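Hi,

Here is the structure I promised to pass on. Have a look at it first, and then read my notes underneath.

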Amino acid sequence: MNIKQLTSNNNMPAKSKATNSKSKITNKQKEAAEAEIREKQKPVDYDTKEYPVEVIVQKYMEGREDDTNELFIPDYQREKAWKEKDQSKFIESVLLGLPIPYIFVADIYDEENDLGRLEIVDGTQRIRSLYEFSNNELTLVGLEKLKKLNNFTFADLPLARQRRFNRSTIRMIQLTEKADEETRRDMFERINTGSILLNDMEKRRGIQRGPFLDFIDELSKDSKFRELCPFSEALIRRKEPQEFVLRFFAYLNNYQNFESRVDIFLNSYLEKNNKDDNFDPHKIQAEFESMLDFVEKYLPYGFRKGKNYKSVPRIRFEAISVGIALALRKRKNLKPKSMDWLNSPEFKKHTTSDASNSRPKVIGRIEYVRDQLLSK
């Protein structure tokens, strides 16, 4: 081959592999694939809003104690993840007037008790940071651009700067009430896929394998459990059922020793039981199933708050399941006089979505359920 031929061949447009090889996908398969795309596409109506920081904090703060705040954190969101340095960096961005990523919220329609609430789909850590800084619960640390503001709280800022901070605006994408729960959860998962880290249960499955974790895994597949405590496909993929079962046993057998970190508390309990070759799976399973039988018999909506609720917050499950199991240990053939306390303001206060995991609150909500069931 001479130089002219070689040059000529190299200048020829390369045919793609797909062009050279005959496609194995038939027209019928293509049509079926296109039909599936159209079927699975969900029209999501939304509006773009822009609110001052002061308004966002107010919408999140007012009604938080009784779980009626307009901006609220749903059960599928992560617990507080940002450390003070992360929060401080975000506040620094707001003070500098830098572009802030959109916060995604969804208008929630509740047939039984519609309050026009907005579920935070993505932006929980940012809203928590704004709230904590505005309420002097966050001290700025590790700032690199505004170094002289390190060790400042909101109250330390001059009044004029406080007002300008409160007037800073944050943009929101607000999904209408047409976006169902599956859509919202799926959106949250997809938004966070790029940077998402393994959650605690996924980490445990990687580094704390053992007979007790395998046992937890089996119990989490119990059909009655899944019916009384439903999970979306997204949460099942993130091992949330296993997380719930582990929390049930850890709190049931050790809640009085809880301190403040849920992850450390659960990891320690799991590690101890994985090493215990003498644990009796039949006895443990029987206690789990007795608790589920009680819920099935006396709670018409299972662990859910009501008929139209499709999910169960972690702390609600912990309080009810562990409280019932403790009561059954005291009185095996327990027949409650009334279950009206489930709708009481006191129980709601114990189990609001933002209730902290301090030792007194963990003990308080578990023993409240136990004591209500055992009261005569």
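Below is what I found, going from the whole chain down to single residues.

**The big picture**

Please keep in mind that this is a predicted model. The protein has 376 residues, and 44% of them are buried. It is built from 18 helices and 5 strands. If you take the contacts with a separation of 6 or more, 74% of them are between residues 24 or more positions apart in sequence.

**The sheet**

I'd start with the strands. There are 5 of them in an open sheet, ordered 1-5-3-4-2, and the pairing is mixed. Which strands stand at the edges? They are strand 1 (46-52) and strand 2 (71-72); each has a single partner strand, so one side of each has no neighbour in the sheet.

Strand 1 runs antiparallel to strand 5 (residues 169-175), and 7 bridges join the two. One pair to look for is Y46, which sits opposite L175 of strand 5. Strand 3 also pairs with strand 5, this time in the parallel sense, over 4 bridges. There you can find F104 standing opposite I173 in strand 5. Strand 5 is largely enclosed by the rest of the structure, since 5 of its 7 residues are buried.

K49 is a handy residue for seeing how strand 1 meets its partner. Its place is in strand 1, and its contacts, leaving out residues up to four places away in sequence, are with I170, R171, M172 and Q174. K49 and I173 are 124 residues apart in sequence, yet their C-alpha atoms are 6.4 Å apart in space. Is K49 buried, partly exposed or exposed? Its relative accessibility is 30%, so K49 counts as partly exposed; the buried class ends at 20% and the exposed class starts over 50%.

**The helix on the sheet**

Next, find helix 6 (residues 124-134), which packs on the sheet. Helix 6 touches strand 2, strand 3 (103-108), strand 4 (117-122) and strand 5, and its direction makes about 115° with that of strand 4. How many of the residues of helix 6 are buried? The count is 11 of the 11, so helix 6 is largely enclosed by the rest of the structure. Charged side chains don't escape this: R126, R128 and E132 are among the buried residues of helix 6.

**A few backbone oddities**

Most residues other than glycine have a negative phi. Three residues caught my eye with that in mind. N136, which follows helix 6, has a positive phi near 60°. D67 also has a positive phi, about 60°, although it is not a glycine. You'll find D67 in the loop between helix 4 (53-61) and strand 2. N151 has a phi near 75°, again a positive value in a residue other than glycine. N151 is in the loop between helix 6 and helix 7 (159-167).

The surroundings are worth a look for two of these. D67 counts as buried because its relative accessibility is 12%, whereas N151, at 61%, counts as exposed.

**Two helices that cross**

Further along the chain, look at helix 10 (residues 211-219) and helix 15 (residues 281-298). Their axes come within 12 Å and cross at roughly 35°, and the crossing is right-handed. Helix 10 brings F212, F215 and L219 to the contact, while helix 15 brings P281, I284, Q285 and F288. What kinds of residues are these? They divide into 6 nonpolar and 1 polar, with no charged residue.

**One buried glutamate**

Last stop: E240, in helix 13 (residues 240-254). E240 has a relative accessible area of 6%, so this residue is buried. Which side chain does the side chain of E240 make a polar contact with? The partner is the side chain of R314, at 2.8 Å. Not counting residues up to four places away in sequence, E240 touches F231 and L235 as well as R314.

That's the tour. If you only have a few minutes, I'd open the sheet with helix 6 packed on it, and then go to E240 and its polar contact with R314.

Cheers

Methods
Residues are numbered from 1 along each chain as its sequence is written. This is a predicted model: local features need pLDDT of at least 70, side-chain atom pairs count only at pLDDT 80 or more; totals for chains, interfaces and linings use all residues. Side-chain values use heavy atoms; hydrogens and water are left out. Buried means under 20% relative accessible area, exposed over 50%, partly exposed in between (1.4 Å probe, protein chains only). A polar contact is a pair of N or O atoms within 3.5 Å; within protein, one must be able to donate a hydrogen and the other to accept it, and residues adjacent in sequence count only if both atoms are side-chain atoms. Contact means heavy atoms within 4.5 Å. Axes are lines fitted to C-alpha atoms, for helices over the stretch in contact, and angles run from 0 to 180 degrees between N-to-C directions. A crossing is left-handed if the near helix is turned anticlockwise from the far one by less than a right angle, and right-handed if clockwise. Two strands pair if DSSP finds at least two bridges between them.
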